[in-house]
Amino acid sequence: MSESERALNVNVFTAPEKPLVAERPRPFGAPMAWDPMTSTLIYGEYDAVLVDPLTTVTEAGALADWVALHHRNLTTIYITHGHLDHFSGLGVLLRRYPEARAIATPGSVELARAHGRALPAFRKWFPGQMPATLTLPEPYEDETFTLEGHELRIIEQGHTDGKNSTSLYVPSIDLVVGGDVLYNQCHAYVAETTPEIRENWIAALDRLAALNPKTAVAGHKKPGAPDTSECIETTRRYLTDFGRLQEETSTDRELFDAMHALYPDFAAKQAWLMFGLS
Ligand SMILES: [Zn+2]
């Protein structure tokens with residue numbers, strides 16, 4: 001059997017929603033919290049690739065322990081996009097797995113560098129939980145890399161919940177790791193979006209739907225939600241509903257209440273996802 005005939009496996013780690021400590025008043029009385037997040041391990045017989053190393057030192061440490069349970073060599077850490085919550089745990093992972101190379105697209109590294117300026121704000125929200133320094137991934141120019149002979153394909157998705165976002169596609173096991181193109185039973189960070197950005201985001205979702213994946217992992221998901229392609233359609237509906245209700249309502253409060261009436265069971269009910277943090 002040649003190397004690439006052995007099938008890859010996938011396992012998803014979910015870090016639960018975490019409270020956000022902030023001095024500002026709680027908008028609309030909603031608790032301040034960060035959406036639960038995922039990190040995905042793709043592994044073969046000997047080697048493994050980890051996607052998105054989470055935010056806090058505690059999360060990244062727990063993730064590193066969980067990766068160790070798989071008894072594979074961690075060769076690569078791929079970062080889907082340059083938002084701090086998806087890569088600030090990188091230094092912790094690299095100390096545990098110094099042989100791994102951490103990569104992201106040049107666009108993601110550029111955003112990571114810029115978004116690194118949000119570290120003081122993250123320190124305020126998560127006191128004592130953020131790493132002392134930030135480690136950035138290396139810019140990776142190619143569209144693909146491999147794991148035991150299997151291709152992993154980077155899909156450039158443009159501006160979705162942030163700039164220069166990507167998804168990762170693993171054709172041999174019909175897997176999409178969506179990054180923040182996908183949200184699974186979680187309120188999405190739509191504060192930065194305009195109608196044009198949401199149009200691009202929906203095109204990104206169409207790109208993933210066209211791959212007809214068996215497994216689709218969202219960057220943020222409610223713990224226990226299944227990693228099925230249903231979240232592609234749900235994210236599309238969420239964005240469409242948000243755009244429509246933004247037109248139909250006249251105040252932030254009305255929009256906030258209308259979205260939460262439509263999605264009462266989604267994780268992390270909070271205003272900042274819709275209206276920003278400043
Ligand atoms: Zn995110």
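Donors here are N, O and S atoms within 2.8 Å of the metal, and because water is not among the atoms, a site may look incomplete. With that in mind, open the predicted model at its metal site.

**Stop 1: the zinc ion.** Select the zinc ion together with H86, D180 and H220. Both histidines coordinate through NE2 and the aspartate through OD, at 2.0 to 2.1 Å. Along the sequence, the spacing of these donor residues reads H-x93-D-x39-H. D180 and H220 link distant parts of the chain, 40 residues apart. D180 sits in the loop between β12 (175-177) and β13 (183-184), while H220 belongs to strand β15 (residues 220-221).

**Stop 2: surroundings of the donors.** Colour D180 and H220 by accessibility. D180 has a relative accessible area of 1% and H220 one of 3%; both count as buried because the cut-off is under 20%.

**Stop 3: strand β4.** Now select residues 37-43, strand β4. Of its 7 residues, 7 are buried, so the strand is largely enclosed by the rest of the structure. Show the side chains: M37, S39, L41 and Y43 point one way, and T38, T40 and I42 point the other way.

**Stop 4: the neighbours of β4.** Add strand β1 (residues 9-15), which runs antiparallel to β4 and is joined to it by 7 bridges. Within this pairing, N9 is opposite Y43. Then add strand β5 (residues 47-51), which pairs with β4 in the antiparallel sense over 4 bridges. Y43 also stands opposite A48 in β5. To finish, trace the 3 residues between β4 and β5, two strands that form a hairpin.

Terms used
Residues are numbered from 1 along each chain as its sequence is written. This is a predicted model: local features need pLDDT of at least 70, side-chain atom pairs count only at pLDDT 80 or more; totals for chains, interfaces and linings use all residues. Side-chain values use heavy atoms; hydrogens and water are left out. Donors are N, O and S atoms within 2.8 Å of the metal (3.2 Å for Na, K and Ca); water is not among the atoms, so sites may look incomplete. Buried means under 20% relative accessible area, exposed over 50%, partly exposed in between (1.4 Å probe, protein chains only). Two strands pair if DSSP finds at least two bridges between them.
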